[in-house]
Amino acid sequence: MLRQVAEFPRLDLSKVRFAAGFDSSFINNVQIAVAVVYDVATDAVVDEKVTRREALIPYIPGLLAFRELPGYLKTLSHLNVKPDVLLVDGHGLTHPRAFGIATHLGLVTKTPSIGVAKKPLHGVVDEEGYIIAHGQRLGKVLHHGKRRLYVSIGYGLSLESAVEIVEKLLRGETHLPIPLHYADKLSRKYKKENP
DNA sequence: GCGACAG
DNA sequence: ATCTTGTCGC
């Protein structure tokens with residue numbers, strides 16, 4: 001059971017202008033960590049950085065942050081635009097220990113964060129699509145086109161805000177919200193051009 | 001012991 | 001995540 005030791009404040013969306021998406025590609029154990037900052041006000045990418053490093057830990061379900069977080073922190077340190085919110089490929093509180101990679105990144109950087117995963121990891125989904133984990137509604141399943149997205153609180157915001165932000169960043173043609181979509185594209189492109 | 005298991 | 005060809009469809 002999760003003891004609520006953190007607040008899940010509702011965010012003033014008019015003050016959430018820069019949304020960053022974090023994603024990784026791998027060449028064996030070399031992580032290519034990408035961050036793309038999107039300006040919600042002008043609908044444009046305003047910053048993007050790529051970083052490479054050797055991942056020291058293999059992928060183990062539940063321990064994703066141990067493998068990928070260091071790369072994200074390194075990439076984040078190179079950004080020129082400071083994000084208002086962080087979108088991470090993976091889960092936040094809808095995690096066996098209520099500490100997925102989105103939560104980890106948000107806590108370490110003291111920045112509101114959201115987990116956006118393509119597959120479920122923990123918890124049960126109720127009739128309304130909410131993901132119940134640790135006795136609370138910590139995430140929500142969003143249906144986009146024919147696919148689904150598992151959105152969860154990362155850190156520093158309410159589930160309502162997390163969902164509101166993700167839905168605002170969804171575009172008809174893409175599966176993932178734009179910042180993550182661009183981050184995914186950039187990481188693959190970088191890998192292809194820099195074997 | 002068995003099954004589940006983000007990226 | 002990554003390995004991978006053709007193929008169905010807008």
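1. Cover over helix α2. In this predicted model, the buried residues of helix α2 are covered by parts of the chain that include α1 (64–77), β4, β5 and β9. The residues in question are Ile101, Ala102, Thr103, His104, Leu105 and Gly106. Just after α2 comes lysine 110, which has a positive phi, near 55°.

2. The crossover through α2. Helix α2 covers residues 101–109 and lies on the path of the chain from β4 to β5. This β-α-β crossover is right-handed. The two strands it links, β4 (residues 85–89) and β5, run parallel and are joined by 4 bridges. One pair to look up is valine 88 with its bridge partner in β5, glycine 115.

3. Strand β5. How many of the residues of strand β5 are buried? The count is 5 of the 5 residues, 113–117, so the strand is largely enclosed by the rest of the structure. Ser113, Gly115 and Ala117 point one way from β5, while Ile114 and Val116 point the other way. Residues on both sides of the strand are buried.

4. The partner of β5 on the β9 side. β5 also pairs with strand β9 (residues 147–155), this time in the antiparallel sense, over 5 bridges. Glycine 115 of β5 stands opposite serine 152 in β9. Another pair is serine 113, whose bridge partner in β9 is tyrosine 155. Glycine 115 is thus a useful residue to find in the viewer: valine 88 has it as a bridge partner, and serine 152 stands opposite it.

5. Strand β9 and its hairpin. Of the 9 residues of β9, 7 are buried, so this strand too is largely enclosed by the rest of the structure. Strand β8 (residues 136–144) pairs with β9 over 6 bridges in the antiparallel sense. Valine 141 is found opposite tyrosine 150 of β9. The hairpin of β8 and β9 has 2 residues between the strands, and glycine 145 takes a positive phi there, near 65°.

6. From β8 to β7. Strand β7 (residues 130–133) and β8 run antiparallel, joined by 4 bridges. Here tyrosine 130 stands opposite lysine 140 in β8.

7. The sheet as a whole. In what order do the 9 strands stand in the open sheet? The order is β3-β2-β1-β4-β5-β9-β8-β7-β6, and the pairing is mixed. The edge strands are β3 (44–54) and β6, each of which pairs on one side only. The mixed pairing can be followed in the strands already described: β4 and β5 run parallel, whereas β5 and β9 are antiparallel.

8. The loop after β5. Glycine 123 sits in the loop between β5 and β6 (124–125). Is this glycine buried or exposed? Glycine 123 has 24 C-beta neighbours inside 10 Å; a residue needs 20 or more to be buried, so glycine 123 counts as buried. Leaving aside residues up to four places away in sequence, glycine 123 touches Thr94, Ile131, Ile132, Ala133 and Gly139. Its C-alpha atom and that of alanine 133 are separated by 4.5 Å, although the two residues are 10 apart along the chain.

9. Residues around the DNA. Which of the 18 residues around DNA strand B come nearest? They are Tyr59, Leu64, Gly90, Gly100 and Lys118. By type, the residues of the surface near DNA strand B divide into 9 nonpolar, 6 polar and 3 charged.

10. Overall make-up of chain A. Chain A contains 4 helices and 9 strands. Read from the N terminus, its elements run β-β-β-α-β-α-β-β-β-β-β-α-α. The radius of gyration is 15 Å, close to the 16 Å that the globule rule gives for 195 residues, so chain A is as compact as a globular protein of that length. The C-alpha trace spans about 45 × 40 × 35 Å along its principal axes.

11. Burial and contacts across the chain. Of the 195 residues of chain A, 44% count as buried. Among contacts between residues at least 6 apart in sequence, 63% join residues at least 24 apart.

Conventions: Residues numbered from 1 in each chain as written. Chains lettered and ligands numbered in written order. Predicted model: local features only at pLDDT ≥ 70, side-chain atom pairs only at ≥ 80, totals over all residues. Buried ≥ 20, exposed ≤ 12 C-beta atoms within 10 Å, placed from the backbone. Pairing = 2+ DSSP bridges. Right-handed = clockwise from strand over helix to strand, strands pointing away. Rg over C-alpha atoms; globule rule 2.2 N^0.38 Å. Contact = placed C-beta atoms within 7 Å. Near = placed C-beta within 6 Å. Nonpolar A, V, L, I, M, F, W, Y, C, P; charged D, E, K, R; others polar.
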